[in-house]
Amino acid sequence: MTRFATGRLLLTPADPDGPARAERLRRLDLGERDDASFESFDAFADKVAAVTETPYSMVNFIDENRQFFAGLHTPAGTRTGCDLGAAAAGSGRSGRRMARDHGYCPHVLVRRKALVLDDVCDYPRFAGNPVVDEIGIRSYLGAPLIDGTGLALGTVCAVDTVPRPWGRAGLATIKSLAQELVGHIDRRERRGG
């Protein structure tokens with residue numbers, strides 16, 4: 001556990017599957033490329049935002065050190081990540097990277113279960129996360145992308161800048177979207193990229 005400059009505790013979970021995931025992402029060619037091959041992930045992020053009626057949504061692949069938004073929907077529609085504020089600013093590659101200790105997706109990945117946070121400020125473990133101040137995140141809905149090998153590759157998530165009562169319907173929706181996206185990834189692998 002480490003501390004931010006603000007003195008807040010950083011509670012990012014340990015990730016024992018990190019090396020295996022990083023290798024699997026390399027084999028699937030789902031790393032840190034910014035090219036047309038990710039247009040389908042951007043389109044999927046747009047779909048998640050539309051279905052959940054949120055300003056932000058991501059298809060997020062997580063390696064040992066950072067998160068990479070292969071699919072990104074932001075209010076401005078820039079897809080560069082500049083709407084993600086300081087959390088992604090200066091991270092290069094169009095701002096689609098974020099430190100592993102920012103956000104809630106690393107928790108979903110390690111838990112291997114969906115996470116529903118109606119108001120992140122209601123949870124001391126999550127309220128101090130940098131995305132609260134840097135992006136203004138107040139609610140989160142995310143599910144893991146567990147492929148056919150049983151490895152959690154990343155997440156699909158929707159976030160909002162206001163508290164949201166996601167309820168069981170929100171949980172069912174994000175889990176269904178995650179399953180749909182895993183099917184897309186499996187088909188992509190069978191086609192060879």
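In the predicted model, a polar side-chain atom of serine 57 lies 2.4 Å from the backbone oxygen of alanine 45. Serine 57 belongs to strand E3. Its relative accessible area is 0%. Serine 57 therefore counts as buried, the limit being under 20%. Neighbours within four places in sequence aside, serine 57 is in contact with nine residues that can be taken in sequence order. Ala45, Asp46, Val48 and Ala49 are among them. Gly71, Leu72 and His73 also touch serine 57. Cys157 and Ala158 complete the set. Two of the strands concerned can be placed by their limits: E4 spans 66–73, and E8 spans 152–160.

The overall fold gives the setting. The protein has six helices and eight strands. Read from the N terminus, the elements run β-β-α-α-β-β-β-α-β-α-α-β-β-α. The protein holds 193 residues, and buried residues make up 50% of them. Contacts between residues at least 6 apart in sequence were also examined. Of these, 65% join residues at least 24 apart.

Helix H1 covers residues 18–27. Gly18, Arg21, Ala22, Arg24 and Leu25 are its buried residues. These residues lie on the same side of H1, because they cover an arc of only 165° around the axis. Exposed residues Arg26 and Arg27 sit on the face of H1 turned away from the buried side. Arginine thus appears in both lists: Arg21 and Arg24 are buried, whereas Arg26 and Arg27 are exposed. The buried residues of H1 pack against two strands, E3 (56–62) and E8 (152–160). They also pack against two helices, H3 (105–111) and H6 (167–191). Aspartate 29 follows H1. Its phi is positive, near 60°.

Enclosed space was examined next. The structure holds two cavities of 30 Å³ or more. The largest cavity contains about 140 Å³ of space. Its lining comprises 17 residues. Met58, Met98, Gly103, Val131 and Val159 lie nearest the centre of this cavity. Strands E3, E4 (66–73) and E8 each supply at least two residues of the lining. E3 gives the most, with three residues. E3 thus recurs: it carries serine 57, packs against the buried residues of H1 and contributes to the lining of the largest cavity. By class, that lining has 13 nonpolar and four polar residues. It has no charged residues.

Open space was treated separately. The largest pocket has a volume of about 200 Å³. Strand E7 (139–146) and helix H6 are the elements that give two or more residues to its lining. H6 gives the most, with five residues. The lining of the largest pocket includes Arg112, Lys113 and Ala114. Ala143, Pro144, Leu145 and Ile146 also line this pocket. The remaining lining residues are Leu171, Lys175, Ala178, Gln179 and Val182. By class, the pocket lining has eight nonpolar, one polar and three charged residues. Charged residues are thus present in the lining of the largest pocket, whereas the lining of the largest cavity has none. Helix H6 has two roles here: it packs against the buried residues of H1, and it contributes to the lining of the largest pocket.

Conventions:
Residues numbered from 1 in each chain as written. Predicted model: local features only at pLDDT ≥ 70, side-chain atom pairs only at ≥ 80, totals over all residues. Heavy atoms only, no water. Buried < 20%, exposed > 50% of the residue type's maximum accessible area, 1.4 Å probe, protein only. Helix = DSSP H or I, 4+ residues; strand = E, 2+ residues; numbered from the N terminus. Arc of directions from axis to C-beta. Contact = heavy atoms within 4.5 Å. 1 Å grid on protein atoms, 1.4 Å probe; cavity = no way out; pocket = protein on both sides within 12 Å on 5 of 7 lines; lining within 4 Å. Points joined across faces, edges and corners; volume = space filled by probe spheres on them. Nonpolar A, V, L, I, M, F, W, Y, C, P; charged D, E, K, R; others polar. Polar contact = N/O pair within 3.5 Å; in protein donor to acceptor, adjacent residues only side chain to side chain.
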